[in-house]
Amino acid sequence: MTNNCVKKEIQQELEYLATTELTVESPRVQAWMEKAANHLRKDQLLPNQKFVVDKDTCCLKKVFMN
């Protein structure tokens, strides 16, 4: 995916999220929380680790992936 395609996808998704009544419990919101955290906060992760949304608390947590 080119940089322009990624920017366009992000802009479209942000416009959708900003104009729709969603809560943090929404799977779409949670997916974007994870995507953003794993991209923007990757310096906080160890190898084989990623951010995921805890389904009970709706907060991001770090988990190790196999």
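The following exercises, each with a worked solution, concern a predicted model.

**Exercise 1. The largest pocket**

Determine how much space lies in the largest pocket, which residues lie nearest its centre, and which helix supplies the largest share of its lining.

Solution.
1. Begin with the volume: the largest pocket holds about 240 Å³ of space.
2. Turn next to the lining, which is formed by ten residues. Nearest the centre of the pocket lie Val6, Ile10, Trp32, Lys35 and His39.
3. Assign the lining to secondary structure. Helix 1 and helix 2 (27-40) each contribute at least two residues. Helix 2 provides the largest share, namely five residues.
4. Sort the lining by class: seven residues are nonpolar, one is polar and two are charged.

**Exercise 2. Aromatic rings and their partners**

State how many aromatic pairs the structure holds, and identify which charged ends sit over the rings of Tyr16 and Trp32.

Solution.
1. Count the ring pairs: the structure has zero aromatic pairs.
2. Examine Tyr16: the charged end of Arg28 sits over its ring, 3.8 Å from the ring centre.
3. Examine Trp32: here the charged end of Lys35 sits over the ring, at 4.4 Å from the centre.
4. Relate this to Exercise 1: Trp32 and Lys35 are among the lining residues that lie nearest the centre of the largest pocket.

**Exercise 3. Two residues with positive phi**

For Asn48 and Cys58, give the phi value, locate each residue in the fold, and decide whether each is buried or exposed.

Solution.
1. Recall the background: most residues other than glycine have a negative phi.
2. Take Asn48. Its phi is positive, about 65°, although it is not a glycine. Asn48 belongs to the loop between helix 2 and strand 1 (49-53).
3. Classify Asn48: its relative accessible area is 57%, and therefore it is exposed, the cut-off being over 50%.
4. Take Cys58. This residue, also not a glycine, has a positive phi of about 60°. Cys58 is placed in the loop between strand 1 and strand 2 (60-64).
5. Classify Cys58: it is buried, because its relative accessible area is 10% and buried means under 20%.

**Exercise 4. The position of Thr2**

Locate Thr2 relative to helix 1, describe its accessibility, and state how far apart Thr2 and Val29 are in sequence and in space.

Solution.
1. Thr2 falls in the segment before helix 1 (3-18).
2. With a relative accessible area of 46%, Thr2 is partly exposed.
3. Thr2 and Val29 are separated by 27 residues in sequence, and their C-alpha atoms are 23 Å apart in space.

Note on methods. Residues are numbered from 1 along each chain as its sequence is written. This is a predicted model: local features need pLDDT of at least 70, side-chain atom pairs count only at pLDDT 80 or more; totals for chains, interfaces and linings use all residues. Side-chain values use heavy atoms; hydrogens and water are left out. Rings of Phe, Tyr and Trp (its six-membered ring) pair if their centres lie within 6.5 Å; planes under 30 degrees apart count as stacked, over 60 as edge-to-face and the rest as tilted. A charge sits over a ring if NZ of Lys or CZ of Arg is within 6 Å of the ring centre and within 35 degrees of the ring normal. Helices (H or I, at least four residues) and strands (E, at least two) are DSSP runs, numbered from the N terminus. Buried means under 20% relative accessible area, exposed over 50%, partly exposed in between (1.4 Å probe, protein chains only). On a 1 Å grid over the protein atoms alone, a cavity is a set of points where a 1.4 Å probe fits but cannot get out, and a pocket is an open set with protein on both sides within 12 Å along at least five of seven lines; lining residues have an atom within 4 Å of a point. Grid points are joined across faces, edges and corners, and a volume is the space filled by probe spheres set on the points. Ala, Val, Leu, Ile, Met, Phe, Trp, Tyr, Cys and Pro count as nonpolar, Asp, Glu, Lys and Arg as charged, and the others, Gly among them, as polar.
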